[in-house]
Amino acid sequence: MSTGRGRGLLGRDVAVDLGSSSTLLHAQGRGIVLDEPSLVALEVGSGRLVAAGTEALEMHGRTPASILTLRPVVGGVVTDGEVAEQLLRHFVERTRPSRLVRPRMVVCVPSGVTAVERRALEDAALHAGARRVYVLEESMAAAIGAGLPVHEARASLVVDIGGGTTEVAVISLGGVVNARGLRVGGTELDETIAAAVRSRHGLVLGERTAEDIKLTVGSAYPLAEELDMRVRGRDLTSGLPRTVTLTSTEVRAMIEPVVLQVVDVVRAVLDVCPPELSGDVLDSGLTLTGGGAQLRGLPERLRAELGVPVQVAEEPRQAVARGAGACVDDFAALEQLLVTSTGQRR
């Protein structure tokens with residue numbers, strides 16, 4: 001920003017990607033200043049915040065009965081407004097350069113969010129210290145963050161796979177032409193793996209172990225060289241620790257139902273895409289964002305199933321936060337994409 005007033009405001013406004021698994025904050029003029037788990041540790045009874053983010057994750061599964069760890073966001077929406085408020089306030093206060101002026105805040109929401117679910121997020125942001133809240137659809141934020149030409153007349157297809165949701169949207173001329181959301185994401189993959197290992201091997205896994213399996217040997221498409229890993233868990237019958245070996249072929253079969261849902265929702269969006277824009281998609285293809293974009297073999301699977309080029313955005317986990325951050329860095333240029341907390345466009 002070139003004006004003195006703009007420099008005075010620099011750093012005060014923030015953009016928030018409050019996801020089911022992680023929360024990212026972008027501070028005006030400073031970029032992404034926080035990327036931590038959307039997890040809190042609370043004192044049972046009083047509800048006092050003991051820890052949040054990475055500190056809470058380190059406590060997860062190891063706490064005494066007096067401390068409870070939980071996630072206030074499930075499936076991309078706020079399920080516990082008070083806890084979400086505590087989480088946001090903790091993160092915002094850690095990253096704010098000024099305590100004198102309350103920031104404007106851009107928050108991202110899934111495309112299929114209800115009015116009640118959106119209001120819960122807005123209220124949490126306001127109570128966490130925002131003086132005004134603006135809403136941006138996750139798919140639009142992801143497209144901006146991926147560097148797609150959202151204001152041009154040609155179509156851009158973005159597929160954002162987060163922790164709790166998958167957002168698919170065709171964007172042209174600064175608007176969403178068609179979009180669909182799915183309450184399925186990376187967390188669903190982890191839960192599916194844990195349930196399958198319990199059923200097939202009689203082994204109980206922790207949340208973090210299931211995620212490690214997904215990242216280490218998970219894949220959506222056959223690999224040139226299949227992988228394997230040793231996994232330790234608790235035997236369902238004896239209760240004692242036990243180790244099994246899982247292969248990428250076996251894990252791929254475990255997560256196939258979830259991967260198929262993602263493929264189907266992308267196909268559904270393409271099926272109703274206007275003919276002129278379909279031609280653009282055939283040329284430019286689709287762009288994957290979100291943490292789920294890092295699933296091994298997913299670009300190849302989508303390319304084989306849909307017949308369009310597929311590329312993964314640079315640092316896909318941060319795409320939504322970068323896109324929302326672009327709005328706080330330059331409100332004047334991107335304000336037409338935002339909706340205020342009253343439901344009226346700026």
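User: What angles count as oblique or as roughly perpendicular when two helices pack?
Analyst: Angles under 35 degrees count as roughly parallel and those over 145 as roughly antiparallel. Angles of 65 to 115 degrees are roughly perpendicular, and the rest are oblique.

User: This is a predicted model. How are α8 and α10 oriented to each other?
Analyst: Helix α8 spans residues 248-271, and helix α10 spans residues 298-306. They pack at an angle of about 50°, with axes 11 Å apart. The two helices are therefore oblique.

User: Is the crossing of α8 and α10 left-handed or right-handed, and which residues of α10 take part in the contact?
Analyst: The crossing is right-handed. On the α8 side, the contact uses Glu256, Val259, Leu260, Val263, Val266, Arg267 and Leu270. By class, the contact has seven nonpolar, no polar and four charged residues. On the α10 side, the residues are Arg301, Leu302, Glu305 and Leu306.

User: How does α6 lie against α8, oblique or roughly parallel?
Analyst: Helix α6 covers residues 186-201. Its axis is 9 Å from that of α8, and the packing angle is about 125°. That makes α6, relative to α8, oblique.

User: Which residues of α8 meet α6?
Analyst: Helix α6 and helix α8 make a right-handed crossing. From α6 come Glu188, Leu189, Thr192, Ile193, Ala196, Val197, Arg200 and His201. The contact holds nine nonpolar, two polar and three charged residues. The α8 partners are Glu250, Val251, Ala253, Met254, Ile255 and Val258.

User: How is α5 oriented to α11?
Analyst: Helix α5 runs over residues 138-145 and helix α11 over residues 319-329. Their axes come within 6 Å and cross at roughly 90°. That makes the pair roughly perpendicular.

User: How many nonpolar, polar and charged residues form the contact of α5 with α11?
Analyst: Helix α5 gives Glu138, Ala141, Ala142, Ile144 and Gly145. Helix α11 gives Ala319, Val320, Arg322, Gly323, Ala324 and Ala326. By class, that is seven nonpolar, two polar and two charged.

User: Which residues under the UniProt annotation "binding site" are in the lining of the largest pocket?
Analyst: The annotation comes from an unreviewed UniProt entry. It covers Gly163, Gly164, Thr165, Glu211, Asp212, Ile213 and Lys214. Of these, the lining of the largest pocket includes Gly163, Gly164, Thr165, Glu211 and Lys214.

User: Which helix holds Asp212?
Analyst: Asp212 is among the residues under the "binding site" annotation. The helix that holds Asp212 spans residues 207-217 and is α7.

Definitions and conventions
Residues are numbered from 1 along each chain as its sequence is written. This is a predicted model: local features need pLDDT of at least 70, side-chain atom pairs count only at pLDDT 80 or more; totals for chains, interfaces and linings use all residues. Side-chain values use heavy atoms; hydrogens and water are left out. Axes are lines fitted to C-alpha atoms, for helices over the stretch in contact, and angles run from 0 to 180 degrees between N-to-C directions. Helices (H or I, at least four residues) and strands (E, at least two) are DSSP runs, numbered from the N terminus. A crossing is left-handed if the near helix is turned anticlockwise from the far one by less than a right angle, and right-handed if clockwise. Contact means heavy atoms within 4.5 Å. Ala, Val, Leu, Ile, Met, Phe, Trp, Tyr, Cys and Pro count as nonpolar, Asp, Glu, Lys and Arg as charged, and the others, Gly among them, as polar. UniProt positions are given in the numbering used here, feature names are shortened, and annotations may be inferred rather than shown by experiment. On a 1 Å grid over the protein atoms alone, a cavity is a set of points where a 1.4 Å probe fits but cannot get out, and a pocket is an open set with protein on both sides within 12 Å along at least five of seven lines; lining residues have an atom within 4 Å of a point.
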